[in-house]
Amino acid sequence: MQHVVILGAGTAGTIMANRLRKTYRADLASGTVRITVIDESAEHVYQPGLLYVPFGLYEPDAIVRPRADTLPKDVTFIRRPIDRVDPDGSAVVLAGGERIAYDVLIIATGTRIVPEETEGLTGPGWNERMFDFYTLDGATKLRDALETFEGGRIVINIVDMPIKCPVAPLEFAFLADWYFTERRRMRDQVEIAFVTPLDGAFTKPRAAATLGHLLDDKDIDLVTEFSTGEVDGQDGRLVSWDEREEAFDLLVTVPLHMGAAFVGRSDGLGDDLDFVLTDPETLRAQRAENIFALGDATNVPTSKAGSVAHFQAEVLTENVRAFLAGRPATARSDGHANCFIETGFRKALLIDFNYTVEPLPGTFPLPRVGPLVLLRETWLNHLGKLAFRWVYWNMLLPGLDIPFVPAPLSMRGKRAVDVPAVAAPHDAGRADDSTRAA
């Protein structure tokens, strides 16, 4: 019997479980293949929906479902914490010492936020005037804070990169502008600042050239190259490593992100932030030939986003099949990502890119007819963003292919423009901009 073990039952792990289940349906029935998914949580959170919770647009329970509703019935689910991976012994060691042997291991454990790694962030003022929205608890508490906010300076601060959904902090700033304009009708009493360690709000040159005006248009202050070293929640101060300060009345933090803690406890598996060292094309872990990784858990130079996990899953399914059949892994990921960017007032942007192709203008997914438009605010893009929740539960998680949106980036409908060349990941290594997706 061949045993495939998937660590993580979030977006990437669930997609892989469903795709492999369809691939090996007959083998699962005959007992020649077994698939096991391991995760310590019993609930699946629709993470793109966390952005909407603070503004009262989604209720918390609308974005949570039981794992049992998302995983195939003939896949074994083990709800246990993971202690470490033993690559040489081809086994996963669970908390308590139980060993689960595997023929192929797929790591899809995503990211975790670690606000405690920033001095002062979880001290006085945490969950009182300092909040995150990357967890359901944080987003819910932030909703309550926004409802009673009486005015002052709101700072949206990215502590460091990489982060999952790199455009989400910008979306939060844009929605805050809308919220205090239309919902609370007190925008003139609220100052909004976007404080980032990057050299701009958008780091992709084409996106920066096309979209850089949005913050000015919405009267959102932009503070760049601010590397947060300390947070003073009592006095409402962000302090950078070079001793600059930014005052706040309410802080919306995007804390440091790291990979799963067990990665750091597993010999040679991860980098300094516990992201799995992964070949960006084959998605094979550098540590062992029978370990693969996808989604937010990897160190590959593309966005940590659900669309990326979906496109990678198509590639990884083929490479797992090849490995179990004793063939070379020939399928290749090109880093394809597409992201809706909510800009408020019922409009959104859409960007589509990969490792080497910058976001380009045009129509998506079809030439001329679209119906979505790239690199431009439209109402239809906003509807597309909202419709993605249905697509997520009914197509993305079940591992279905999205019509007209193949895994490799398609140039159909895109207009060529003069943008700087981007090196392929094997040529450039892990560049500083590796996860700065917009």
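Pro365 is found in strand 23 (residues 362–366), where strands (E, at least two residues) and helices (H or I, at least four) are DSSP runs numbered from the N terminus. A cis peptide bond with omega of about 0 degrees joins Phe364 to Pro365. Pro371 is found in strand 24 (residues 370–374), and the peptide bond between Gly370 and Pro371 is cis, with omega of about 10 degrees.

This is a predicted model, in which local features need pLDDT of at least 70 and side-chain atom pairs count only at pLDDT 80 or more, while totals for chains, interfaces and linings use all residues. Residues are numbered from 1 along each chain as its sequence is written, and side-chain values use heavy atoms, with hydrogens and water left out.

**Positive phi**

Two residues that are not glycine have positive phi: Cys165, at about 50 degrees, and Leu283, at about 70 degrees. Cys165 is found in the loop between strand 12 (152–158) and helix 4. Leu283 lies in the loop between helix 7 (261–264) and strand 20. For accessibility, buried means under 20% relative accessible area, exposed over 50%, and partly exposed in between (1.4 Å probe, protein chains only). Cys165 counts as partly exposed, at 29%, whereas Leu283 is buried, at 0%.

**Helix 3 and helix 4**

The axes of helix 3 (residues 136–148) and helix 4 (residues 168–183) come within 12 Å and cross at roughly 35 degrees. Axes here are lines fitted to C-alpha atoms, for helices over the stretch in contact, and angles run from 0 to 180 degrees between N-to-C directions. The crossing of helix 3 and helix 4 is right-handed, that is, the near helix is turned clockwise from the far one by less than a right angle, and anticlockwise would be left-handed. Leu142, Leu146 and Glu147 of helix 3 meet Phe172, Tyr179 and Phe180 of helix 4, with contact taken as heavy atoms within 4.5 Å. By class, this contact has five nonpolar, no polar and one charged residues. The classes put Ala, Val, Leu, Ile, Met, Phe, Trp, Tyr, Cys and Pro as nonpolar, Asp, Glu, Lys and Arg as charged, and the others, Gly among them, as polar.

**Aromatic pairs**

Rings of Phe, Tyr and Trp (its six-membered ring) pair if their centres lie within 6.5 Å; planes under 30 degrees apart count as stacked, over 60 as edge-to-face and the rest as tilted. The count by this rule comes to 14 aromatic pairs. Two edge-to-face pairs are listed below.

| Pair | Centre to centre | Angle between planes |
|---|---|---|
| Phe292 and Phe323 | 6.2 Å | 75 degrees |
| Tyr392 and Trp393 | 5.3 Å | 85 degrees |

Phe292 lies in strand 20 (residues 291–293) and Phe323 in helix 8 (residues 306–324), so their pair ties together parts that are 31 residues apart in sequence. Phe292 is buried, with a relative accessible area of 0%, while Phe323 is partly exposed, at 26%. Tyr392 and Trp393 are both buried.

Ring pairs also link Phe55, Phe133, Tyr134, Phe149, Phe172, Trp178, Tyr179 and Phe180 into a cluster. Among these, Phe172, Tyr179 and Phe180 also belong to the helix 4 side of the contact with helix 3.

**Charges over rings**

A charge sits over a ring if NZ of Lys or CZ of Arg is within 6 Å of the ring centre and within 35 degrees of the ring normal. Arg65 lies over the face of Trp393, at 4.2 Å from the ring centre. Arg389 lies over the face of Tyr58, at 4.2 Å from the ring centre.
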